[in-house]
Amino acid sequence: MKITVLSGGVGGARFTRGLLAHLATTRSDRGGGTSAEVTVIANTGDDMWLHGVRICPDLDTLMYTLGGGVHEDQGWGRAGESRRTSSELSHYDVDSEWFTLGDLDLATHLARTGLLRSGQTLSQVTERLCRRWEPGVRLLPMTDQEVETHVVVDAAAGGTRLLHFEEWWVRHRAALPARAFVQVGLESASAAPGVVAALLDADVVVLPPSNPVVSIGTILAVPGIWEALVATAAPVVGISPIVGGAAVRGMADACLRAIGVETSAAAVARHYGRREAGGVLDAWLIDTVDADAAAGLRSDGWRVGVAPTLMTDVPATAEIAARALKLVVTGHPA
Ligand code: FO1
């Protein structure tokens, strides 16, 4: 079975780790039958240049999480990290204390930057870095061109200004009201090699509980990707990143507010849209806390599953993945 996942950083990486755990158990249950191939299409809109190195937060979070090297509590960066270089940098007044570059993490950025400078594409570099981490999936950037999410915020002197998403997210903790999001470079970007095929050839496509605006939304904005999702014969299932009217982690609510979408499981589903109605979803898995939202969605023709969706650990996440797959294969998550 070919499964394609669109993913941002922490939420999508943790979901994919659970999906792989689920597939490993089903494979052993089936006596090692046909293994599933998982392709992850990663958001690269968070990427940025800092101190001359190219940082790809979501690609690295996926690579480290699936490769067993992630700082588990943070959800990003490396386990066993040190910050000697970062603290030394602070003595040079280069205005980067808001973004911590760990020493181990820095090696990834140096390796990637050197390979990019040698003329390799981001896809080729990602494949090269994954040879070390062996994430157990084919990890594809959404595009090989530089597309960076910026946030439109109010300027002190009136009017607005653009802020790189990472600065808005990390330095300001999304506290500056976001008036809009702009993916700089999008108009001249195209889907990276293998991305459209991974959507068209999939048996199932999953939208995990990543940020629906700046992670999944950015991937869907890359020319060709939304069209492939609408066109694919594969059923598309999403898992709500909103539970009980709040973002499970991160600040998805600040992003949803910026685009005028209510922070609720039902509103995010309607934001993605049903495929019969020109959207991208065939099914939507919501948490038991939001069970009352199912009736309204179902009366509008939605296929809705209701189940625990908090990714508290790998086994719980494997169960969520199993229910999401069942929802589109059998129509029921149970
Ligand atoms: N997130 C933070 O909240 N603070 C940081 O200093 C920080 C540094 C960092 C360095 C490399 C990297 O790949 C990710 C990093 N992140 C940090 C996480 C990052 O903001 C998130 O992974 C996503 O970009 C937001 O979803």
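**Figure 1. The ligand in the largest pocket of the predicted model.** In this predicted model, the ligand occupies the largest pocket. Two elements each contribute two or more residues to the surrounding shell, namely helix H2 (57-67) and helix H6 (165-171). Both domain 1 (2-144 + 192-329) and domain 2 (148-187) supply at least three residues to this shell.

**Figure 2. Composition of the shell around the ligand.** The ligand is surrounded by 13 residues, of which Asp46, Pro57, Thr100, Glu166 and Arg173 come nearest. Classified by residue type, the shell comprises six nonpolar, two polar and five charged residues.

**Figure 3. Polar side-chain atoms facing oxygen atoms of the ligand.** For Glu166, a polar side-chain atom is placed 2.3 Å from a ligand oxygen atom. In the side chain of Asp46, an N or O atom lies 3.0 Å from an oxygen atom of the ligand. The corresponding distance for a polar side-chain atom of Arg173 to a ligand oxygen atom is 3.2 Å. Taken alone, the ligand exposes 530 Å², and the protein buries 90% of that area.

**Figure 4. Backbone of Arg173 and Ala174 in the loop between H6 and S8.** Arg173 belongs to the loop that connects H6 and strand S8 (180-184), and Ala174 is also placed in the loop between H6 and S8. Most residues other than glycine have a negative phi. Arg173, although not a glycine, has a positive phi of about 50°. Ala174 likewise has a positive phi, near 55°. Arg173 thus appears in two of these views, as one of the residues that come nearest to the ligand and as a non-glycine residue with positive phi.

How values were computed: Residues numbered from 1 in each chain as written. Predicted model: local features only at pLDDT ≥ 70, side-chain atom pairs only at ≥ 80, totals over all residues. Heavy atoms only, no water. Near = heavy atom within 4 Å. Polar contact = N/O pair within 3.5 Å; in protein donor to acceptor, adjacent residues only side chain to side chain. Areas by Shrake-Rupley, 256 points an atom, 1.4 Å probe, with all protein chains shown as cover. 1 Å grid on protein atoms, 1.4 Å probe; cavity = no way out; pocket = protein on both sides within 12 Å on 5 of 7 lines; lining within 4 Å. Sits in = over half its atoms within 2 Å of the grid points. Helix = DSSP H or I, 4+ residues; strand = E, 2+ residues; numbered from the N terminus. Nonpolar A, V, L, I, M, F, W, Y, C, P; charged D, E, K, R; others polar. Domains from an automatic or database assignment.
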